[in-house]
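This briefing covers two topics, the packing of one helix and a group of aromatic rings. Please keep the sequence and the model at hand while reading.

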Amino acid sequence: MIRHCVFIRFRPEVSEAEKAMIFTEIAALKERLPGFLAAHVGANVSPETGMDKGYAEGFIVDFADAKARDTYLDDADHRRTGAKIVAAAEGGVQGVLVYDLEIPD
């Protein structure tokens, strides 16, 4: 399994509604992309003050394998939503952190 983690430093003027729309679009991809197992979205709730380095919100998507993750990455709807994420992030790409973990069976 691949756990695809995306953390975002949203620009202060990005509304809660815009954030919710982005997260809804990501989760909606599950309905049509094979191997997209689950999406988890929300704000960081860690008590470790400052450790998030400003990446206060984000999402995690679980994929059956690397092939399913790669299909998601190549998907046109994912690319459109990804562009919205970059546009909403502080400093564009600099405000987005992506980290993938391979979870053994």
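**Helix H2 and its surroundings**

In this predicted model, helix H2 spans residues 66-74, and its buried residues are Ala68, Arg69 and Tyr72.

- Viewed down the axis of H2, these buried residues fall within an arc of 100 degrees, so they line one face of the helix.
- An α-helix has 3.6 residues a turn, so residues three or four places apart point the same way.
- The exposed residues Lys67 and Asp74 are carried on the face of H2 that is turned away from its buried side.
- The partners against which the buried residues of H2 pack are the strands E1, E2 (36-43), E3 and E4 (96-102), together with the helices H1 and H3 (76-88).
- At the N-terminal end of H2, aspartate 65 acts as a cap, with a side-chain oxygen 3.3 Å from the backbone nitrogen of lysine 67.

**Aromatic pairs**

- The model has five aromatic pairs, one of which joins phenylalanine 10 and phenylalanine 23 edge-to-face, at 6.1 Å centre to centre and with 75 degrees between the planes.
- Phenylalanine 10 lies in the loop between strand E1 (2-8) and helix H1 (16-28), whereas phenylalanine 23 lies in H1, so this pair ties together parts that are 13 residues apart in sequence.
- The rings of phenylalanine 23 and phenylalanine 59 are also edge-to-face, because their centres are 6.2 Å apart and their planes stand at 70 degrees, where over 60 is the cut-off.
- With phenylalanine 23 in helix H1 and phenylalanine 59 in strand E3 (residues 57-63), that pair ties together parts 36 residues apart in sequence.
- Ring pairs thus link Phe10, Phe23 and Phe59 into a cluster.

**Burial of the ring cluster**

- Phenylalanine 10 and phenylalanine 23 are both buried, the latter, phenylalanine 23, with a relative accessible area of 9%.
- Phenylalanine 59 counts as buried because its relative accessibility is 2%, and the cut-off is under 20%.

Note on methods. Residues are numbered from 1 along each chain as its sequence is written. This is a predicted model: local features need pLDDT of at least 70, side-chain atom pairs count only at pLDDT 80 or more; totals for chains, interfaces and linings use all residues. Side-chain values use heavy atoms; hydrogens and water are left out. Rings of Phe, Tyr and Trp (its six-membered ring) pair if their centres lie within 6.5 Å; planes under 30 degrees apart count as stacked, over 60 as edge-to-face and the rest as tilted. Helices (H or I, at least four residues) and strands (E, at least two) are DSSP runs, numbered from the N terminus. Buried means under 20% relative accessible area, exposed over 50%, partly exposed in between (1.4 Å probe, protein chains only). The arc is that of the directions from the helix axis to the C-beta atoms. Contact means heavy atoms within 4.5 Å. A polar contact is a pair of N or O atoms within 3.5 Å; within protein, one must be able to donate a hydrogen and the other to accept it, and residues adjacent in sequence count only if both atoms are side-chain atoms.
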